[in-house]
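Open the model in your viewer and keep the sequence panel in sight. The stops below go one selection at a time.

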Amino acid sequence: MALVFGRDAVLEQAWGSLVGGDPVLLTGPAGIGKSAIWRALGDKAHQAGWLVLACAPAESESSLAFAALADLLRPLESEVTGLPAPQRVAVEAALLISTVNAAVDERALAAATRSLLAAAGAGDRRVLVAVDDAPWLDPASERALMYALRRVPEAAILVSARQEAAVDAPLGLDRLAGRMRRIDVEPLGVGALHHVLRDRLGVTFARPLLARMVRDSGGNPLLVTELARAVLRLPRLPSPGEDLPFSATMSKVLAESVALLPAASRDAVRLAALLSVASLCDLRAAGVDLADLDPAEDARLLTVDESAVHFSHPLYAAAVRADIPAGLRRRLHRRLADTVADPDERARQLASCVLEPETGAAAELEAAAERQRRRGAPQIAAGLYEQSARLTPALFPADQGRRRLAAARCLYDSGDYRPAATAAEQVAAVCDGELKAEALLLRAEVAWSADEPLSVAAETAERALAAAPHPASPAAGRIHAHLSLFHDSPESARRHAEAACELLAGTRPEDAELLAGSLLQLFFNEVRGGRSPRLELLDRALALEGERPSWLGGTVPAIWWRSVDEHDKARTRLSSMLEQAVARGDEPAQHELLSHLGETELVSGHYEAAARTIAAARDLGEQLGTGLVGETWLAGLLDAHRGDLERARRVAEEGLRRAEAVDDPWARRIHLALSAFTALSDGRTGDAAATYRVLAAEADATGLAEPLSQRFEPDWLEACAAVGDVASARVVLDRLVVRHERLPRPWTTLALARSRALLAAAQGEDATEAVGSLEAARSEVAAHVLPLDRARCLLVAGVVHRRARRRRAARTALEGAAAEFAAIGALAFERRARAELARTGGRKPSAPELTATEERVARLAAEGRTNRAIADALFISAKTVEANLARVYHKLGISSRAELGAAMTRRNEADP
């Protein structure tokens, strides 16, 4: 373990935090000794048997994609073969284990980083992820590490950063598991610096002189070391009344140290400082005699190993670069550009020495940008493309526009939406034809991804289509494909999807995914617009998409199957897509798929699974910074079904406000439906009927004849019947009949039977035949398909029987409805069923049946015992206690332990 003087307290504090699982951030000014503490802690972890994964990026490496990540993951290289294919391919390319033949999937690489860190920490082995000077991480490495560290909470994390660069915690340390321990490394005193100078320079000074040096250097170890060197170069030591050799500012001290080197050594050091990686091969090629590095090595400015030069501190390299006169620096960059072997290094040197437009340099920078893009470093590629465009002669505006557009695309791919939008608009403003069309399409994609109003994406893409020089080209087909997604109107979306299918058919293989998505959008929007479903379009798209569903319409088959109540097929499709998204590390796709899965579980009556999935979608949405629109709506809908009507109402109101603010018609429709359903469940039937009327009008105005995921007509009819608006109820029934005849489904079968029974009762007719049809429809639908809808049929049958004074039949139906509602956790409906049951008169309704285990758990909980105590008493796990209590709450119609005592008392009274 390296000697670290005067830092015992810091080391103890930091080590204690690491052992306890808290991230540690070391901050302080440059040269204060952060790196020495960082290395000492790494050594201590290694001695303790931990696996240390470390990287120490330098400023010159910040433009090298995945340089830091490769250093950090190198010890885990043997584990790469066990990764899922997308992750393995990405990490092999990043670590340069294999040749890059396609663009590295940055999301898959982030997922691979997470997988490797998780596997490394499996079992009892502790893992320390240590990053020195984190602000110099290349952007690609930084993003991968931030993704992984959020998801591997068991890893210990140690990071250092200069004070001025650590205003915001690097790598999001303050948002990770555990409480971040920020340690500001303080200046050292005279005693500690005495040991530092003796260790580094082999000298000691009289305490008065050393005290002056410490005072002038501010106790900074690096600065006092350089000041000591300057003192030692004097013919004699300064007397107490004499000034020290110079003002001890960092830049002056370091510049003086370099200036005192021999001319040849100084030039060699300058060339080394200008290289991203100062390899000996490149320095020799640039004419450096390696012996010229000896004076700098003797002065401990740098070290030379068998392959490269390494500066003793990043500040030395930065000081060398800062002190090179501008003209000389350009000449040195040109010298390196003419001699280095690596094409990316040559491109970086060219970018620093070429001031005027130059065709060759622009082309080389473009090629370097493309290599960085393929390596999965779009942020670095964006800068190179922009430099390439800057060096493109004005005589070649098409090349200049293409390169600026490529830069904008890379900004978009890296998630930097605002600069991407600005860059795309600038290209569109100065270019014509295909470039203008591509720039406008990119701007529309940014609008879609950044949750701008739907109208922005659609209108901008329409401008792109108008700018396309060949309306019948595959390029125009690609714009049509995007427009089929951007338009909310089924007819507009259908026309664009149809055009995309025609123009993309038989084109290049890379358009196959877009063609599959366009076929799905065509199928989807034909159905939404009221046309008969053409299942051959769905089958053709599924055959064309291969193993990876299209981003454009990959969820359409699941939405379709859910809408026709084939929930198992929808669940299988979404689960498979989710597995692929996890393997790729594609979090936006995971977020979308979790939301769809949550809705599928909700519609199929699996409320516990829905709650878990919706919660996962919300958690991921918060991390991604999405608007949380869909998952919050789903959570509100689940609340409404479970009986928390006040919370559901708040969600609906807030969702409607937001939809109005951003002009989002889809968000408005789903929150209108939630608002109406909540009002109906709360007994506010007039409000419900009015809100459903607004919802239907908006769907009709959009041309949405078949809103696949919305099943509001039977609830609307129920609300109308409840307020005595029989005429409106008849109109709603006709509307439901049209939906059923167009596309018969289990839910429409049950909804029609339920609605006809309600309408017959509301009109004062004999509803015996309608109830018989209702019972027949219920028997046609399997119990597991639509448990809520089947239970609601019993509820309606019970209500109709009660109104006809058939009390025994009413009680039988209502008791069955209450039991079925309780079984799935639909508390709002269970309360309604029990309220109706109470109105039948006769004997008291029986208490809801609890299993033997539920009964024992409930009684112990009602006595005030904790879950742990109950688990110990019954020899079960605490999680089993929680699960049983959740079922008890559902069956008893309560929501908390505080209500349990009274509920159990009422139950005893009901079943003495």
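What span should the 13 residues of helix H6 have at 1.5 Å a residue, and how far apart are its end C-alpha atoms? Select residues 139–151 to find out: the expected span is 18 Å and the end C-alpha atoms are 19 Å apart, which agrees. Bear in mind throughout that this is a predicted model.

**Helix H6 and its neighbours**

Stay on H6 and colour its buried residues, which are Pro-139, Ala-140, Ser-141, Ala-144, Leu-145, Tyr-147, Ala-148 and Leu-149. Next, show what these buried residues pack against: helices H3 (67–73), H5 (106–120), H18 (378–390) and H29 (587–603), together with strands E3 (127–131) and E4 (156–162).

**The second largest cavity**

Keep Leu-149 selected and add Gly-21, Val-152, Pro-153, Ala-155, Ile-157, Leu-176 and Ala-177; these residues line the second largest cavity. The space inside the second largest cavity is about 30 Å³. Its lining has seven nonpolar residues, one polar and no charged.

**The whole chain**

Zoom out. The chain has 45 helices and seven strands. Along the principal axes, its C-alpha atoms fill a box of roughly 120 × 75 × 45 Å. There are 912 residues in the chain, and 53% of them count as buried. Among contacts with a separation of 6 or more, 66% join residues 24 or more positions apart. The accessible surface comes to about 38,700 Å², and carbon and sulfur atoms hold 52% of it.

**Gln-400**

Select helix H19 (residues 397–413) and pick out Gln-400 within it. Is Gln-400 buried or partly exposed? Its relative accessibility is 24%, so Gln-400 counts as partly exposed. Leaving aside residues up to four places away in sequence, Gln-400 touches Ala-389 and Thr-392. Draw a distance from Gln-400 to Glu-386, 14 residues away in sequence: C-alpha to C-alpha, the two are 9.1 Å apart.

**The largest cavity**

How many cavities of 30 Å³ or more are there? The count comes to two. The largest cavity has a volume of about 560 Å³. Select Leu-637, His-641, Ser-709, Arg-711 and Asp-715, which lie nearest its centre among the 28 residues that line it. The elements giving two or more residues to this lining are helices H27 (556–563), H29, H31 (629–642), H33 (665–681), H35 (713–722), H37 (746–762) and H39 (787–803). H33 provides the largest share, four residues. By type, the lining of the largest cavity divides into 17 nonpolar, four polar and seven charged residues.

**Helix H37**

From the cavity, move to H37. Its 17 residues reach 24 Å from first C-alpha to last, close to the 24 Å expected at 1.5 Å a residue. Why can H37 be called largely enclosed by the rest of the structure? Twelve of its 17 residues are buried. Colour these buried residues: Trp-747, Thr-748, Leu-750, Ala-751, Leu-752, Ala-753, Arg-754, Ser-755, Ala-757, Leu-758, Leu-759 and Ala-760. Then show some of what covers them, including H27, H35, H36 (726–742), H38 (768–780) and H39. Just after H37, click on Gly-764, which takes a positive phi of about 80°.

**Leu-788**

Go on to helix H39 and select Leu-788. At 10% relative accessibility, Leu-788 counts as buried, since the cut-off is under 20%. Beyond residues up to four places away in sequence, Leu-788 touches Tyr-607, His-641, Phe-821, Ile-824, Ala-826 and Phe-829. His-641 has already appeared on this tour, as one of the residues nearest the centre of the largest cavity. Add Gly-605 too: Leu-788 and Gly-605 are 183 residues apart along the chain, yet their C-alpha atoms are separated by 6.2 Å.

**Helix H40**

The last stop is helix H40, residues 807–824. Its 18 residues should span 26 Å at 1.5 Å a residue, and its end C-alpha atoms are 26 Å apart, in agreement. Which residues of H40 are buried? They are Ala-810, Arg-811, Ala-813, Leu-814, Ala-817, Ala-818, Phe-821, Ala-822 and Ile-824. Two of these, Phe-821 and Ile-824, are among the residues that Leu-788 touches. Finish on Gly-825, which follows H40 and has a positive phi, near 90°.

Note on methods: Residues are numbered from 1 along each chain as its sequence is written. This is a predicted model: local features need pLDDT of at least 70, side-chain atom pairs count only at pLDDT 80 or more; totals for chains, interfaces and linings use all residues. Side-chain values use heavy atoms; hydrogens and water are left out. The expected span of a helix is 1.5 Å times one less than its number of residues. Buried means under 20% relative accessible area, exposed over 50%, partly exposed in between (1.4 Å probe, protein chains only). Contact means heavy atoms within 4.5 Å. On a 1 Å grid over the protein atoms alone, a cavity is a set of points where a 1.4 Å probe fits but cannot get out, and a pocket is an open set with protein on both sides within 12 Å along at least five of seven lines; lining residues have an atom within 4 Å of a point. Grid points are joined across faces, edges and corners, and a volume is the space filled by probe spheres set on the points. Ala, Val, Leu, Ile, Met, Phe, Trp, Tyr, Cys and Pro count as nonpolar, Asp, Glu, Lys and Arg as charged, and the others, Gly among them, as polar. Accessible areas come from the Shrake-Rupley method with a 1.4 Å probe; for residues, only the protein chains shown count as cover.
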